Amino acid sequence: MKVIGSVPEGLEKCLAKEIVDLGGFNIDTYKRSVSFECDYATFYRIHFFSRVAFRFYREIARFPCHDRSSLYEGVRESFNWLQWLPSEKTFNIKVTGKTSSLSHSHFTALEIKNSITDLQRSVWNKRSNISLDNPDLVIHLHLNNDLAVLSLQSSVNSLHKRGYRPAVGNAPLKENLASGLLKITEWNGTKPLIDLMCGSGTFLIEAINQSLKVPLKSQKRYLFENWFDFKKDIFLDERNKATKKVVTFANLPKVIGCEINKDVCHQAKVNFSMAGLENYIELLNDDFTKIQFKSSEGLILCNPPYGKKLGDENELIDLYMRMGEFLKKKFSGWEFWLLSGNRRLTKHLKMKSSLKIPVSNGGIDCRWIKYLIR
Ligand SMILES: C[S@@+](CC[C@H](N)C(=O)[O-])C[C@H]1O[C@@H](n2cnc3c(N)ncnc32)[C@H](O)[C@@H]1O
């Protein structure tokens, strides 16, 4: 089948690599998405092991579409709705993109709904209902350059919601963004890991889980279980392989999180425990300069406040200066990765970067910056 995965901007190559590793092929990367082909087993497997995708969409049709009537006809003719959508099943429609005469997504979605339900009524004299909260099928239409691409969304909830984070601190990172950033650092669970300002603990939970290949278990059901060609035996086989995998935490190196805010630190503690990792992460409720750990090498991460969501820029200059001084004094030989959303602040570290990767953090243009601490 042909599939499209959506991903945070800047992590397209990370998703492409994940898909190759999990068995996908004919990969193409675009802005915020990756397309590929795969068999059923791989399709089900990626839902347990892709850590950077938001969602997956299975392409079911594409047709030229420039106005209302070509949309109506194209939807009706391009897919076997009568087989895939019996009248007792509910559905929902999402639209992205536009053409010159189809520029209102709500209107476009209404036209798609009419096309499908008119067809159902003409044959069965009854139609499927729309369900916004709990649909059986989510139909996605993307319009671009007078081309319509129809696909089926594979899960109701985004896969970045892992279920371990009921509590979120200030300005938390999305789990899949944290995971992709960690993949770029190539941390593989052998060297010590420190998050200087861990907030709700996302980096550390993702780091451990992905280094040990812990499967995602948060989705109770997937929309693909309602699809006409759902292969239950293959799905159960993949799910069993994922959930029965033995994960050993015993060989993890030292993992430390530091968070100055008492309430946020408590939230991190709850999240570590929800993720079953409370015994593997040392949590310090203090200023980052109080971290004491000696090793000649390791990885330090930091997603500091950068004056857009949290903290005033002038007050933060001192924080960045202290961070630079502390790292150079105490962690020579280590690698440091900073998620920077503000160049004016980053320069106060007074450190020379060796790599800068553009990424988007919830719409904020950021850089994932690597430093070798000397
Ligand atoms: C952008 S948030 C980090 C979010 C985190 N990555 C997550 O996913 O939840 C920055 C955090 O740094 C903490 N912080 C600010 N100054 C600090 C300091 N001097 N020492 C330790 N933590 C600090 C803040 O309380 C805030 O929770």
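## The S13–S14 pair

Let's start at one end of a sheet. Strand S14 (residues 364–372) runs antiparallel to S13, and eight bridges hold the pair together. Across this pairing, Ile357 sits opposite Trp368 of S14. Keep in mind that this is a predicted model.

## The sheet they belong to

Zooming out, the order S10-S9-S8-S11-S12-S14-S13 describes an open sheet of seven strands with mixed pairing. Its edges are strand S10 (282–284) and strand S13 (353–361), each pairing on one side only. On average, neighbouring strands here are turned by 15° against each other, ignoring direction.

Helix H7 (residues 202–211) lies across three strands: S8 (193–195), S9 (255–258) and S11 (299–302). Relative to S8, helix H7 runs at about 155°.

## The other sheet

There's also an open sheet of seven strands ordered S2-S3-S1-S4-S7-S6-S5, again with mixed pairing. Strand S2 (25–30) and strand S5 (91–97) each have a single partner strand, so one side of each lacks a neighbour in the sheet. Neighbouring strands in this one are turned by 30° against each other on average, direction ignored.

At the S2 edge, four bridges link S2 to strand S3 (residues 33–37), and the two run antiparallel. Phe25 stands opposite Glu37 in S3. Helix H1 (residues 12–22) packs on this sheet, touching S2, S3 and strand S1 (2–6), with its direction at about 170° to that of S2.

## Around the ligand

Which residues are closest to the ligand? They are Pro172, Met197, Gly199, Ser200 and Thr202, out of 22 that surround it. By type, the shell splits into 13 nonpolar, seven polar and two charged residues.

Terms used. Residues are numbered from 1 along each chain as its sequence is written. This is a predicted model: local features need pLDDT of at least 70, side-chain atom pairs count only at pLDDT 80 or more; totals for chains, interfaces and linings use all residues. A residue is near a molecule or strand if its C-beta atom, placed from the backbone, lies within 6 Å of it. Ala, Val, Leu, Ile, Met, Phe, Trp, Tyr, Cys and Pro count as nonpolar, Asp, Glu, Lys and Arg as charged, and the others, Gly among them, as polar. Two strands pair if DSSP finds at least two bridges between them. Axes are lines fitted to C-alpha atoms, for helices over the stretch in contact, and angles run from 0 to 180 degrees between N-to-C directions. Two residues are in contact if their C-beta atoms, placed from the backbone, lie within 7 Å.
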